[in-house]
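Work through the exercises below with the coordinates open. Try each task before you read its solution.

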Amino acid sequence: MTLNRRHFLLFLGATVGTAACGQLQQFGQNPTSTLGKSVKLGFQPVKGPIPLALGSATTEQQAASATYKTVSFNPMATDQQMNTYNYYEVVDDLVLPDGFTYDVIASWGDKVGTSRFGYNNDYLALVQTGENEGLLTINFEYISAKPWLQSFEQVIGLKLPLAEVEPAVRKAIKAVPDDRIPGLNAFTLKDGDPLKEKIKTICFEGLADQGLGVISIRRNAAGQWERTHSQNDRRISGVSGLVDKRYLKATGPAVAIFQKTKGQGYVDQLGANIIGTFQNCAGGQTPWGTVFSAEENIQIQVPEPVYADGTSFDPINCPFNITDEEMAGLGNVFGLAGNKYGWMVEVDPTNPDDPGTKHTWLGRYRHEAVGVRVVEGKPLAFYSGCDRRGGHIYKFVSKGTVTNPKDKSNSKLLEDGMLYAAQFNADGTGRWIALAADTPVEPVSPAFLSGGMLPLPQRPAGGFVPVQEDGEIAAFKQKFKTLGDLYVGNAIEQQGAILIDAHFAGNAAGATCTARPEDTEIGPDGSLYITFTSGGISRQDGSPDVRIFKGPDGNTAYEYGWIMKLSEDGNAPEAKTFRWEMMATGGEPALGGMGFANPDNLAFDPNGDLWMVTDMSSDKMNQTIPKDRLKNGVPLNQSSLRGVFGNNSIWYMPMSGDAAGQLFLFGMGPMDCETTGPCFTPDATTLFLAVQHPGETDGIRQNMAAEEREISLLTTDGQPFLQKRKVPIGSNWPSKQANQPPKPSVVAVRRVDNQSITISA
């Protein structure tokens, strides 16, 4: 199927004008409608490690000094691609187009109020407090064990008792039965035990470096953003409330579960009080000035499974462990209840006394982000995705309606409503399934999932059971008719338990298993844009529905990801049905992709154009790929081919004009990192980015070490050739000084002339 440009622009909701000419291949393929044409951008696309079919500028254009560069869409000839890309040097820096620079605003370990700037900064949100000043809210997601452990004493000035704790952990692991999670159950050690106190020290610091923070910033006369260290600067961390009793609050039905003093599982006896927030990944911003922070991979730090009454599994099910790759079970020693994590946290950056609120009607799962849709006279609609293989797309719809989108009392609307999970149909339609007690149990057949397995709630035991056969599905439906049959308690408690167990309740109700949904962003037209990072398979979590998630070649375990547009029927936030279509597909251009791999965060700039950053696994970037793409005679899988794409990257997609729907490479990140949380100032002159986990795989770059690797590439028309690639080993970013520790940092990207980053189409 081909779409002409008129249909393409109508799909995007853009103005057609005189651009309705030529043809486009199906979304996710290489557009050809503008071959031979030129468009004006606010930047000259950077040269990435692989040939792209778009934005290949001529030498004359690259040398042009005009403010807004003219970029040709003519792809280079195959032999020129081979010559141009036969050698590539990876740089341990944030690489931007000519005429752009960045300023480091804050880095791990910097002072923030009475605490410090955390680790692995992620989502960013700017709340303006005046002209050229505002409050920047930052998420701190997780600990990259190797660089964190290497650098902690140097950066923070404290010595961790690792020498005493690590041998005890290794000894404990040897004694763990094969069917148990490896680690040391510090929770059962007696208070005052020297080993327990040392573990507490490590876990306290690890959780203190997670959560979220608020810093005050302003733009000076030179156009640079700098910190002002106001009274609003503060941290809400993974240990908030543990010592100072400044607990986080909660609203909604799950509060009834938190208030239990006994249940089928573990109860922390803190009632509705919650200690901290951690694994905070992406988020969202409201028109009334609050920010939402998403608790994502909480299963690393606390038990994720729950019982039918919504109570947690015992802390022993997520023991403390520490390796070069991961610091896990940090909540174990403190006895944190797993059912209190995996929520959306709302915070008011302008109120330093706000401890943060977890709104349980939004559901508990591995939240990656939230798309906030606020329409006067309509209910609130909050969209989010569960970032796991087989995770769902969710929508919360409030019971009440919005009177004034900027009224802070809108937060109250999140205290009552309904949570829905999306069911996608192969014909481009879909519906929202209420996660309520009276919703029928209708699990999808495992045969429709690429991994052939569907996790369902396990009863009478808690947690989940992997189901692989249709006969098991039939037996499950015979035993459980509605979601209410799977959960116990009075009406409020039952609803609370469903929300706490939202992912597995969604599986039972027939919600579509998707391909790791990462970001959910509301576009200017009210449509929802979703990044699906990877269609790979997990034998534990699940896998995507093969009827919905396919690569350009029909591959049903497609690694490189997609961007989807979802439009509510009638453009109504409260609609029960919707339409969807893929608008971009990752992968190599020669194989039908658009040149990126594993899309992550999205952001719309003030012109209404779309920006996207990628999230390839750190250990896959720039890895050697042999000439024949074989290992021991077997073709490399798509995951192992991600080395072709180099470092993680930043992309720009105009949403109107001649270049509508086409991607341009704006930047590349430092070694091993993601560039996360793109956020624009209202005047479009600054792009804030959070550079996360530089040096995650190899740690500190020693003596500017680098090595040459051979990478098998394809020209845009599929001809193979071999590239020599120089790759730094480890990172020294942002100092870029030899042997200095890599530090996650937030930067402000701008043009050196401080003009708008892009021009409107």
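The exercises that follow concern a predicted model.

**Exercise 1. Helix packing**

Task: Classify the packing of helices H5 and H6 from their angle, then list the residues in contact.

Solution:
- Step 1. Locate the elements. H5 spans residues 162–174, and H6 spans residues 194–208.
- Step 2. Take the geometry. The angle between the two helices is about 110°, and their axes are 10 Å apart.
- Step 3. Apply the cut-off. Angles from 65 to 115 degrees count as roughly perpendicular. H5 and H6 are therefore roughly perpendicular to each other.
- Step 4. List the contacts. H5 contributes Leu162, Glu164, Val165 and Ala168. H6 contributes Leu195, Lys198, Ile199 and Ile202.
- Step 5. Sort by class. The contact of H5 with H6 has 6 nonpolar and 2 charged residues, and no polar ones.

**Exercise 2. Sheet order**

Task: Give the strand order of the 9-stranded open sheet, and name its edge strands.

Solution:
- Step 1. Read across the sheet. The order is E21-E22-E23-E24-E25-E31-E30-E29-E28.
- Step 2. Assign the direction. The pairing is antiparallel.
- Step 3. Find the edges. Strand E21 (371–373) and strand E28 (517–522) each pair on one side only.
- Step 4. Add the twist. Neighbouring strands of this sheet are turned by 30° against each other on average, with direction ignored.
- Step 5. Inspect one pairing. Strand E25 (residues 429–434) and strand E31 (residues 577–585) run antiparallel and are joined by 3 bridges. Arg431 stands opposite Thr577 in E31.

**Exercise 3. Cysteines without a bond**

Task: How many disulfides does the structure hold, and why is Cys203 not bonded to Cys318?

Solution:
- Step 1. Count. The structure holds 0 disulfides.
- Step 2. Check the distance. The cysteine sulfur closest to that of Cys203 belongs to Cys318, and it is 10 Å away.
- Step 3. Compare with the cut-off. A disulfide needs sulfur atoms within 2.5 Å. The sulfurs of Cys203 and Cys318 are too far apart for a bond.
- Step 4. Turn the search around. From Cys318, the nearest cysteine sulfur is that of Cys203.
- Step 5. Check burial. The limit for buried is under 20% relative accessible area. Cys203 has 0% relative accessibility, so it counts as buried. Cys318 has 6%, so it counts as buried too.

**Exercise 4. Cis peptide bonds**

Task: Where do the cis bonds that lead into Pro460 and Pro734 lie?

Solution:
- Step 1. Take Pro460. The peptide bond from Arg459 to Pro460 is cis, with omega near 5°. Pro460 lies in the loop between strand E26 (454–457) and strand E27 (464–467).
- Step 2. Take Pro734. A cis peptide bond joins Trp733 to Pro734, with omega about 10°. Pro734 sits in the loop between strand E41 (720–728) and strand E42 (745–751).

**Exercise 5. Positive phi**

Task: For Gln269 and Asn632, give phi and the loop, then decide: buried or exposed?

Solution:
- Step 1. Gln269 is not a glycine, yet its phi is positive, about 65°. Its loop runs between helix H7 (254–258) and strand E15 (280–285).
- Step 2. Asn632 is not a glycine either, and its phi is positive, about 55°. Asn632 is in the loop between strand E34 (630–631) and strand E35 (634–635).
- Step 3. Apply the cut-off. Exposed means over 50% relative accessible area. Gln269 has 52% relative accessibility, so it counts as exposed. Asn632, with a relative accessible area of 76%, is exposed.

Definitions and conventions:
Residues numbered from 1 in each chain as written. Predicted model: local features only at pLDDT ≥ 70, side-chain atom pairs only at ≥ 80, totals over all residues. Heavy atoms only, no water. Axes fitted to C-alpha atoms, helices over the stretch in contact; angles between N-to-C directions. Helix = DSSP H or I, 4+ residues; strand = E, 2+ residues; numbered from the N terminus. Parallel < 35°, antiparallel > 145°, perpendicular 65-115°, else oblique. Contact = heavy atoms within 4.5 Å. Nonpolar A, V, L, I, M, F, W, Y, C, P; charged D, E, K, R; others polar. Pairing = 2+ DSSP bridges. Buried < 20%, exposed > 50% of the residue type's maximum accessible area, 1.4 Å probe, protein only.
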